[in-house]
Amino acid sequence: MSDLQDSPFLRACRREPVPHTPVWFMRQAGRSLPEYRELRGTGSILDAIHTPDLATEITLQPVRRHGVDAAVLFSDIVVPLQAVGFGVDVVPGTGPVVEEPFAGTADLPRLRPLEAEADIPYVLETVRNLVTELEVPLIGFAGAPFTVASYLIEGRPSRTYAKTKAMMLGEPALWGALIDRLADLALAFIRAQVEAGATAVQLFDSWAGALTPEQYAAHVLPASQKVFAGLADLGVPRVHFGVGTGELLGLFAEAGADVVGVDWRVPIDAGWERIGLDKGVQGNLDPAACLAPWPAVEHEVLGVLDRIGGRPGHIFNLGHGVLPETDPTVLTRIVELVHERTAS
Ligand code: CP3
């Protein structure tokens, strides 16, 4: 445990010098790995998450294969919602689907508080298994209030977030009550993972980039701040991530994380300036670049490292999750390349 505190990943989260830049990949456990597809079969991902031995093995697969510097728990942002009985499934190729979307005040009691030991014992068992086996930090996570609200209101993945924004702007009291409950759920979900042994956490506000800065500041930021403030006493690094947040990065950084992720659309040095150099930065190789021939991949990876220029506090990652069609051997080469080029 104490030697993990000295790991490149946790050192980088604290902006300390590192023996090499740490690397992990969002969605590193999953469909780009043949060994994952073989283990998973065709059931719902939620069934796999409910089976600790399976979830443990799936979390370990990319760590063994790629030599990444952190593991990310095999779970999903909808797990606490399913656990409190909201009625949600994850459909392969689509994502979260909600049978009866959130539509009004009468739906608020469907979001009762999460009692981790009783509601998600399988997640805690997976985390406890993992921390005995892993030699790198384990990242626990939750979906941020806005991103989770968008699934609950739309009922399925959306491009426009039309219903979500209509509620946010048209029924601010209802919206506030909804995302406050989702902040409590995210907080309880993450706290339980850390108490079971996770050594870092990430809050995914994947779809916050759909908002204007004014909308984000008025209707979303307070709930995300509640989550990060509620994690402060745990003493683990807190990472925040969203896609398309270029224009929001300054506000995003005010949510309270120690490290902020940047997607590939923003040059990472410019992103870091917007976030503030008093925080760490994570990113930001274009996930689609991993499908190009190796010399082009190498060029893109080195471009990210050049922009960082050796400043402590960088965690190398993609700008969003691994695309399923990615050749996993390319990911391994990226880990090797980043380690080699940043070795001190
Ligand atoms: O390596 C990892 O990152 C594994 C853990 C992980 C999963 N989901 C497993 C998963 C994490 C961190 C998530 C978070 C998650 N889930 C987010 C935030 C991250 C992001 O990508 O922005 C979101 C928005 C979700 C909701 C969700 N779950 C979506 C959009 C999908 C994709 C649907 C599809 O099939 O393309 C899922 C399903 C899902 N979650 C898969 C995995 C490995 C793939 C489906 C499967 O294997 O059945």
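In this predicted model, R110 lies over the face of F86, with a distance of 3.9 Å to the ring centre. A second arginine is placed in a similar way, for R311 lies over the face of W272, at 5.4 Å from the ring centre of that residue. A charge is counted as sitting over a ring if, among other conditions, it is within 6 Å of the ring centre, and the values of 3.9 Å for R110 and 5.4 Å for R311 can be read with that cut-off in mind.

Aromatic rings also pair with one another, and a search of the whole structure finds 6 aromatic pairs. Ring pairs link F141, F204 and F241, so that these residues form a cluster.

The next topic is the ligand and its surroundings. The ligand sits in the largest pocket, and there are 25 residues around the ligand, of which Y36, R40, G93, S206 and H320 come nearest. Two elements of secondary structure, α2 (34-40) and β3 (95-98), each supply at least two residues of the shell around the ligand. The table lists polar contacts of the ligand with named residues, giving the part of each residue that takes part and the distance.

| Residue | Part of the residue | Ligand atom | Distance |
|---|---|---|---|
| Y36 | polar side-chain atom | oxygen | 2.4 Å |
| D76 | N or O atom in the side chain | nitrogen | 2.8 Å |
| G93 | polar backbone atom | oxygen | 2.7 Å |

The protein covers 93% of the 850 Å² of accessible area that the ligand has on its own. Y36 and G93 thus appear twice in this picture, since both are among the residues that come nearest to the ligand, while Y36 also has a side-chain atom 2.4 Å from a ligand oxygen and G93 has a backbone atom 2.7 Å from a ligand oxygen.

Two details of the backbone remain to be described. Most residues other than glycine have a negative phi, and most peptide bonds are trans. Phi of R15, by contrast, is near 60 degrees, which is a positive value in a residue other than glycine, and R15 is found in the loop between α1 (8-13) and α2. Further along the chain, a cis peptide bond joins G283 and N284, with omega at about -10 degrees, and N284 lies in strand β8, which spans residues 280-285.

Notes: Residues are numbered from 1 along each chain as its sequence is written. This is a predicted model: local features need pLDDT of at least 70, side-chain atom pairs count only at pLDDT 80 or more; totals for chains, interfaces and linings use all residues. Side-chain values use heavy atoms; hydrogens and water are left out. Rings of Phe, Tyr and Trp (its six-membered ring) pair if their centres lie within 6.5 Å; planes under 30 degrees apart count as stacked, over 60 as edge-to-face and the rest as tilted. A charge sits over a ring if NZ of Lys or CZ of Arg is within 6 Å of the ring centre and within 35 degrees of the ring normal. A residue is near a molecule or strand if one of its heavy atoms lies within 4 Å of it. A polar contact is a pair of N or O atoms within 3.5 Å; within protein, one must be able to donate a hydrogen and the other to accept it, and residues adjacent in sequence count only if both atoms are side-chain atoms. Accessible areas come from the Shrake-Rupley method with a 1.4 Å probe; for residues, only the protein chains shown count as cover. On a 1 Å grid over the protein atoms alone, a cavity is a set of points where a 1.4 Å probe fits but cannot get out, and a pocket is an open set with protein on both sides within 12 Å along at least five of seven lines; lining residues have an atom within 4 Å of a point. A molecule sits in a cavity or pocket if more than half of its atoms lie within 2 Å of its grid points. Helices (H or I, at least four residues) and strands (E, at least two) are DSSP runs, numbered from the N terminus.
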